[in-house]
Every structure is written in structure tokens, then in C-alpha cells.
Amino acid sequence: MRSSQVLIATLKETPADAEIISHQLMLRAGLVRRLASGLYTWLPMGLKVLRKAEAIVREEMDSAGAQELLMPSIQPAELWQKTGRWSKYGPELLRLKDRHGREFCYGPTHEEVITELVGQEVRSYKQLPITFYQIQTKFRDEIRPRFGLMRAREFLMKDAYSFHLDQKSLQKTYDAMFAAYSRVFERMGLDFRPVQADTGSIGGNTSHEFHVLASSGEDAIAFSNQSQYAANIELAEALAPSGERPHAVVNMTMVYTPKKHTIDEVCEYLDIIPAQCLKTLLVQGSEEGSVVALVIRGDHELNEVKAEKNTLIAAPLTFCTPEQVTVACGASIGSIGPVGLTIPILVDRAAANVANFVCGSNQNGQHFSGVNWARDLPEPETADLRNVIAGDPSPDGEGSLEIARGIEVGHIFQLGDNYSQKLNANVLAESGKSQILKMGCYGIGVSRVVAATIEQHHDERGITWPLALAPFQVVLVPINAHKSIRLREAADALYQQLLDAGFDILFDDRGQRPGVAFADMDLIGIPHRLILGERGLDNGMVEYKCRADGNESEFPIVDVVEELRKRLTI
């Protein structure tokens with residue numbers, strides 16, 4: 001394609017509202033333009049990248065035996081009401097009414113629709129297992145859309161759904177999808193890691209997320225330095241400390257801590273480390289009006305996903321108001337502690353292993369020091385309540401954990417019969433009896449993959465696309481061709497030769513100054529550059545530059561096809 005025939009909308013300056021590098025570079029390289037909060041138009045150069053990502057996903061889904069279909073993006077409320085998600089999904093679900101007052105939603109996902117379809121169309125066990133997928137625009141009304149395409153409200157997603165008679169069949173397809181996802185991200189040239197994950201609002205009992213590793217990632221993932229164990233930090237188990245709890249060596253005493261409310265303030269005032277101080281958090285209990293105290297070490301963070309799964313705690317996890325804290329403990333937030341509490345108390349495993357600790361006294365402006373379990377308060381009921389940290393032992397018993405940031409680009413779930421039961425999706429089994437189907441679902445954020453790729457592949461000059469996703473494989477830049485008829489003719493001939501050889505090539509025929517042309521192509525990130533000038537033409541040579549490593553060389557014009565093919569297969 002000639003650049004004079006395609007919109008190249010590069011920007012010299014970074015837009016002020018672009019926070020992360022992918023957002024900045026997608027705007028500067030002219031891949032997208034913002035229409036409204038969380039809504040973006042894909043410009044021609046960006047759409048080429050999006051379509052290449054989509055093609056890889058489609059090829060691997062087809063290879064895995066999934067059948068492509070396309071479901072409506074607007075879904076009737078009745079289906080969501082049957083599964084209970086109409087009320088549970090929350091404000092991210094964009095709800096609307098048609099002219100007759102009937103309620104609909106703009107689909108953020110399609111479990112209900114596909115289950116209804118399969119329940120109507122698949123009648124016999126002989127048709128199973130069966131997997132369907134689509135690549136479609138979704139909408140989730142994010143509370144705070146940010147980071148460009150990374151957390152937009154409208155996005156392109158591949159969602160697939162499988163149906164089975166039994167768990168063995170579901171597991172087989174789940175494993176096949178796991179392998180297909182790994183191939184997708186490998187083909188895209190991404191440094192990624194699959195991790196065990198929480199099932200969240202989708203439901204089910206088993207899931208894995210696929211994360212592209214990047215410092216800008218919103219999610220923290222934990223992985224062993226000696227095994228294949230990896231999990232989202234929401235799910236990674238924090239094992240109980242090895243060894244016995246230290247003995248009590250001091251008496252519990254009241255200490256005055258005026259205006260010291262945070263762990264850091266108390267530790268600095270008492271000259272102790274946060275690991276020797278326990279913090280108490282109050283949350284609403286599962287029984288109406290009840291309150292539960294959660295106790296963790298001062299240097300640890302509460303894992304709300306883990307805590308919410310405890311039967312004593314209301315879901316979603318909700319912290320008590322200052323007024324509720326005062327009623328339950330007789331003191332304000334910052335002065336509360338487990339000693340003397342009459343409400344249920346759950347203590348993190350690590351906190352239960354601390355002796356001679358400092359905690360709130362349930363009296364404003366005062367703390368206890370030298371507190372010990374089994375002496376000053378009962379032996380605690382323990383639970384895994386905290387986020388793991390670097391250096392914690394790996395839950396699989398091999399090595400210790402490291403923490404990295406990741407961008408979630410894919411998620412696969414084993415749903416069981418959560419949706420098929422509620423929507424009565426069943427088939428006639430071999431026994432002649434009706435049997436409810438088991439389900440799996442499998443999603444890839446196709447548009448998010450594009451942004452995540454840029455987070456991994458960029459430098460100070462712009463994007464450095466992996467070859468599989470680049471808008472073009474090669475760019476041909478003639479130097480000052482507007483001043484030379486023979487150079488224009490030679491460049492046209494070379495362009496045609498490369499097209500005939502099957503290269504995906506951009507011919508930069510805009511007539512820009514070399515510095516401007518090179519800067520634009522670096523910003524857009526086309527992997528391979530050919531430069532043709534008068535001197536090279538005189539010598540029968542063309543200049544070559546690799547975008548990723550900056551290496552430059554030259555070779556005979558007559559060898560250009562062979563030389564490029566070598567470089568495109570490295």
C-alpha cells in the first residue's frame with residue numbers, strides 16, 4: 001500500500017490525558033482516536049493490527065475444533081433474570097429499553113445467550129462435546145475508564161463456550177483451550193504467563209488467566225522461582241509460617257499513642273517494625289447486622305477476594321462504617337484491636353504466629369503492647385486472609401514466590417452447570433434420560449492484546465511491533481524521490497517487485513523529508529525498513545534497517561527479495 005493512499009495521523013506531542021505508554025503511542029502513532037470516555041475509533045493503521053490479532057485468534061480457535069458464530073450484542077433482560085445476573089452484575093451492565101418498554105442490555109459477555117441457543121438446538125449426547133466462539137464488540141460501563149484501550153468501555157473480544165456431558169469431557173476441552181491460548185500469545189511474540197485465578201462474576205470453580213508481563217499491569221501475579229506454579233495474587237495461597245510461635249516474654253501493658261492511627265504512625269512512635277504490630281479491620285458479616293473482625297500483620301495487605309469467600313463474611317466484602325466500628329468496639333478506627341472483642345474474629349495465619357505484639361486497645365489514643373495469643377486473648381480461629389509477598393514459600397512446596405505485574409489478556413473458566421441448570425440446557429443422554437450440560441467459557445480481549453503488546457514492545461522512538469502484529473512487515477522509503485524521475489521509477493519498480501513476492505509492504509511516497517519519514521515509521525513501528533537513494537541507486541544497493549535492534553546494513557537491489565525473506569524468518 002502507498003502511504004499517500006492511507007491515513008497516517010501521527011502526532012509529535014503526547015496528549016495530556018494519556019497515562020500509560022500504550023495509550024500514548026496508540027494516539028501518537030495514529031492507531032486510534034478518542035470519541036468519548038472509554039470509546040475509541042480505530043484508524044486504518046490501527047485496524048490492520050487489530051485484524052492481524054483477530055486472525056491469529058480465529059486460526060487457533062478453528063484449529064482447536066471450535067465453530068464460529070455471531071450472537072446479538074443486545075440481549076433481553078429475561079435471560080439475565082433467569083440466571084440472577086440482572087441484579088448481581090452491577091452498574092457495569094449497560095441497561096436499555098426499546099420503544100415498547102422492554103428491558104435489554106448491551107452484552108458484556110454471552111453465557112446466557114449461548115446457553116439458551118444450545119438448549120434449543122443441541123438435543124442429543126451424540127452432538128457433544130461442542131464448542132462455539134465469536135469475535136464481537138462488547139460493552140462494559142466501567143466506573144472509571146482509563147489507560148486507553150486497556151480499560152475501555154467498548155472493546156473487541158473473542159468469547160467461546162463449550163458444552164459437555166461430564167467433567168472428564170469438560171477438562172479435555174479446557175486443556176485444549178489452554179494450549180490454544182498459549183499458541184495464540186506465542187505467535188503474537190508476547191512474554192506471557194498463565195496463572196490460576198478467581199472466577200469472579202462469571203462463576204464456576206476453576207479458571208486460569210493469561211497475563212502479558214509488563215510493569216504497567218494492573219494485576220499482581222505470584223510465581224515460583226523453582227516450578228511452574230503461578231497464580232493471580234487474589235488466589236495465591238499464603239501458607240502458614242513454619243515452626244512454632246515464639247513464647248511470651250513480656251506482660252501486656254497499655255501504652256499511650258496520642259493521634260497515632262495508622263500502622264506506620266504507631267510503629268514510628270513505639271519504635272517497632274510493622275511485622276510486630278497487628279491491625280484489625282471490621283467488615284459486615286453474612287448474618288444481617290453482624291460484624292466480623294479480621295486481624296492481619298501490620299506489614300501485610302488484606303486479600304478481599306479470599307476474605308469474601310469465608311462463610312462468616314457478607315459478599316461482596318464491605319467494610320464497616322466509622323459509626324459501626326464505634327458501636328462494635330467502643331473506639332474509633334485506628335485504635336481497635338482483638339483483645340476483649342465479643343464479635344467473631346478471624347486471624348490471618350501469619351498474624352496468629354506473632355508473639356508479644358502491639359495492637360489497638362479499643363480505647364481511643366491507646367494501644368496494647370506485649371500481647372500474646374492464648375494468654376491475653378483466646379487461641380485464634382485462623383484463615384488465609386492476606387496477599388502473598390515476594391519471598392513467601394510457594395504453595396506447591398517448590399521454591400519461593402516472586403511477584404510481577406501482569407496485564408490480563410485472556411481468561412478461561414470451568415463453569416460446571418451454573419448456567420445450564422438455570423436455563424434448563426439439557427440433552428438426551430445414552431441412558432435415554434435428560435441430562436443437564438456442563439459448560440466451559442474462554443475469553444480473549446483482542447483489542448486489549450494490541451495495547452498490551454505495545455506495553456512490552458516499545459522504545460524511546462515508538463512502537464517495536466512483533467512481526468505477526470505489525471501493520472506492515474516492511475516500509476520502503478525513497479529519499480528525495482520528488483527531485484529525481486529515475487529514483488521514483490526505481491522505487492516504484494522495487495515496490496511492485498516486493499508486492500509480487502508477497503510482502504506486506506508500505507511504500508512511503510509522501511515526499512516527506514528523510515528525518516520526518518523515518519520518525520513516523522519508527523513511531524508506527526514497522527519492523528523492517530528499506531531506504532533507496534540516488535547514491536544507492538548508482539551503486540545498485542539498497543539500505544536496510546531493523547526497527548527492533550537498530551542494526552543497519554545494505555545489500556544489492558537484485559537480492560532484495562531473498563535478503564528480506566531471511567530477515568523475516570529470523
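Helices, as named on this tour, are DSSP runs of H or I with at least four residues, numbered from the N terminus. The model open in your viewer is a predicted one, and the tour starts from its helix α1.

**Stop one: helix α1 and what follows it**

Select residues 21-28, which make up helix α1, and then extend the selection to G30, which follows α1 and has a positive phi, near 75°. Now show the surroundings of the helix: seven of the eight residues of α1 are buried, so the helix is largely enclosed by the rest of the structure. The buried residues to pick out are S22, H23, Q24, L25, M26, L27 and R28. To see what lies over them, add the strands β1 (32-36), β2 (39-42), β24 (458-459) and β25 (462-463), together with the helices α11 and α13 (514-524), which are included in the cover of these buried residues.

**Stop two: α1 against α11**

Keep α1 in view and select helix α11, residues 446-456, which packs with α1 at an angle of about 105°, their axes being 8 Å apart. Because angles of 65 to 115 degrees count as roughly perpendicular, α1 is described as roughly perpendicular to α11. For the contact itself, display the side chains of I21, S22, L25 and M26 on α1, and those of V450, A451, I454 and E455 on α11. By class, the residues of this contact divide into six nonpolar, one polar and one charged.

**Stop three: H208 in strand β10**

Move next to strand β10, residues 206-213, and select H208 within it. Is H208 buried or exposed? Its relative accessible area is 18%, and H208 is therefore buried, the cut-off being under 20%. Draw a distance from its side chain to that of Y174, and you will find a polar contact of 2.7 Å joining the two. Leaving aside residues up to four places away in sequence, H208 touches Y174, F178, V195, Q196, A197, G410, H411 and I412.

**Stop four: A238 in a loop**

Finally, go to the loop between β12 (230-232) and β13 (253-256), where A238 is found. With a relative accessible area of 2%, A238 is buried. Which residues does A238 touch, not counting those up to four places away in sequence? Select K306, R349, D384, R386 and V388 to show these contacts. As a last step, place a C-alpha to C-alpha distance between A238 and R193, which are 45 residues apart in sequence and 20 Å apart in space.

How values were computed
Residues are numbered from 1 along each chain as its sequence is written. This is a predicted model: local features need pLDDT of at least 70, side-chain atom pairs count only at pLDDT 80 or more; totals for chains, interfaces and linings use all residues. Side-chain values use heavy atoms; hydrogens and water are left out. Helices (H or I, at least four residues) and strands (E, at least two) are DSSP runs, numbered from the N terminus. Buried means under 20% relative accessible area, exposed over 50%, partly exposed in between (1.4 Å probe, protein chains only). A polar contact is a pair of N or O atoms within 3.5 Å; within protein, one must be able to donate a hydrogen and the other to accept it, and residues adjacent in sequence count only if both atoms are side-chain atoms. Contact means heavy atoms within 4.5 Å. Axes are lines fitted to C-alpha atoms, for helices over the stretch in contact, and angles run from 0 to 180 degrees between N-to-C directions. Angles under 35 degrees count as roughly parallel, over 145 as roughly antiparallel, 65 to 115 as roughly perpendicular and the rest as oblique. Ala, Val, Leu, Ile, Met, Phe, Trp, Tyr, Cys and Pro count as nonpolar, Asp, Glu, Lys and Arg as charged, and the others, Gly among them, as polar.
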